[in-house]
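Thank you all for making time this morning. I would like to walk you through one structure, and I will begin with a question once you have it in front of you.

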Amino acid sequence: MSESHDHAAPLPGAGRPGLRADCERCFGLCCVVPAFTASADFAVDKAAGQACPNLQQDFRCGIHRDLRQRGFPGCTVYDCFGAGQQVSQVTFGGQDWRRAPHTAKQMFEVFPIMRHLHELLWYLTEALTMPPARPLHGELRRALDEIDALTRTGPDALADVDVAARRRDVNVLLQRASELVRARVPRGRTNRRAEQRGADLIGANLRGADLRGANLRGAYLIGTDLRGADLGVADLTGADLRGADLRGADLSESIFLTQSQLDAAKGDATTKVPPSLAHPAHWAPSGTPHAGPAASGGAAPRNRAPVSRRSRRNTGR
Ligand code: SF4
């Protein structure tokens, strides 16, 4: 899993810097484009296309240090996969919607499309790092190149992208890659390499479970006790990990796990995560009891579509 891909040409997302949010280069699109409903995740109602009241003129967040305490934990678990800076700096050439209001409508329209494309690039890039998926590397690479080319087109072409079809095609490839990778996991007596796709495991006690190679795509793991569980080479694509307790769990070789899934879960210094991801800032040090859901990352990602504004928090937005 941690081996690098074996292609001569560099991957567009190699190291994935372009697939990580760089809020300093974005015009606050994730703070404007989606609608918010006042809830445990967002303290206010906001219409789609309307700027969040906390968004400053310079596109920084005015409460970035206190998002959770101020009732905006949903902002801490959102990840645009770098779509924000791509739309701001590439699609619209650095022209922002405040100074050029005529761009706003189209910029807001293409941002969600770009986010879908960048999310697919993230997954494809990861699949290309998996040696057991080598028989698929040609197809994966072609899909990646096609989508990468789309992300560099103009706003009119982006608006015409059939996102559903792209997702469907890539998903088939990713599932095949997942099967090849997980097939390498030996079935032990206690190993639960079961088909758990979309399974309702909400609140389940899976403490210490051997989940190596499990297919947990789209599984509901909300509040699930996964302390000490071994999730090596488990496929976690789209699994809902809100409030899941990952303390002591080993996810270092889990596949198709994203930062926003980790951000929405509970964990601590004993949780092992893949090298491409980081321990969320709000996770408690080892041995510290967790507070309530908001403090522990139990907030719902917007649209179940994960996101983290880590750069924004870290860079003072
Ligand atoms: S990060 Fe800040 S400005 Fe952006 S939506 Fe959240 S509270 Fe609003």
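By class, how many nonpolar, polar and charged residues does the shell around the ligand have? Please keep in mind, as we look, that this is a predicted model. The shell has 8 nonpolar residues, together with 1 polar and 2 charged ones. In total, 11 residues surround the ligand, and the closest of them are Cys 31, Cys 52, Asn 54, Cys 61 and Cys 75.

Let me step back to the protein as a whole. The protein has 8 helices and 0 strands, so to speak of its order from the N terminus is to read α-α-α-α-α-α-α-α. Of its 317 residues, 48% are buried, and among the contacts between residues at least 6 apart in sequence, 51% join residues that are at least 24 apart.

Now to the interior. The largest nonpolar core has 79 residues, and Leu 124 and Ala 127 are those with the most contacts inside it. Helix 1, helix 2, helix 3, helix 5, which spans residues 163–182, and helix 6 are the elements that give two or more residues to this core, with helix 2 giving the most, at 12 residues. If we take Ala 127 and leave aside residues up to four places away in sequence, we find that Ala 127 touches Ala 133, Leu 140, Leu 174 and Ala 177.

Helix 1, at residues 83–91, deserves a moment of its own, since 7 of its 9 residues are buried and the helix is mostly covered. The buried ones are Ala 83, Gly 84, Gln 85, Gln 86, Val 87, Ser 88 and Thr 91, and what covers them includes helix 2 (104–127), helix 3 (137–151) and helix 4 (155–159). Just after helix 1 we come to Gly 93, which takes a positive phi of about 55°.

That brings me to the backbone angles, where a general point helps: most residues other than glycine have a negative phi. Against that background, Phe 59, in the segment before helix 1, has a phi near 70°, a positive value. Phe 256, in the loop between helix 5 and helix 6, also has a positive phi, in this case near 60°. Are these two residues buried or exposed? Phe 59 counts as buried because it has 23 C-beta neighbours inside 10 Å, and Phe 256 counts as buried because it, too, has 23 such neighbours inside 10 Å.

For a contrast, consider Ala 278, which sits in the loop between helix 6 (259–264) and helix 7 (293–296). Ala 278 is partly exposed because 14 other C-beta atoms lie within 10 Å, whereas a buried residue would need 20 or more. Ala 278 and Leu 262 are 16 residues apart in sequence, and their C-alpha atoms are 8.4 Å apart in space.

Finally, a word on confidence. The protein averages a pLDDT of 85, and 83% of the residues score at least 70. Over residues 1–14, however, the pLDDT is below 50, and this stretch has 24 contacts in the model beyond near neighbours in sequence. Over residues 290–317 the pLDDT is likewise below 50, and there the model has 86 contacts beyond near neighbours in sequence. Where pLDDT is low, the predicted coordinates should not be read in detail.

Technical notes: Residues are numbered from 1 along each chain as its sequence is written. This is a predicted model: local features need pLDDT of at least 70, side-chain atom pairs count only at pLDDT 80 or more; totals for chains, interfaces and linings use all residues. A residue is near a molecule or strand if its C-beta atom, placed from the backbone, lies within 6 Å of it. Ala, Val, Leu, Ile, Met, Phe, Trp, Tyr, Cys and Pro count as nonpolar, Asp, Glu, Lys and Arg as charged, and the others, Gly among them, as polar. A residue is buried if 20 or more other C-beta atoms lie within 10 Å of its own, exposed if 12 or fewer, and partly exposed in between; C-beta atoms are placed from the backbone. Helices (H or I, at least four residues) and strands (E, at least two) are DSSP runs, numbered from the N terminus. Two residues are in contact if their C-beta atoms, placed from the backbone, lie within 7 Å. A nonpolar core is a set of buried Ala, Val, Leu, Ile, Met, Phe, Trp, Tyr and Cys residues joined through C-beta atoms within 7 Å. pLDDT is the predictor's confidence in each residue, from 0 to 100.
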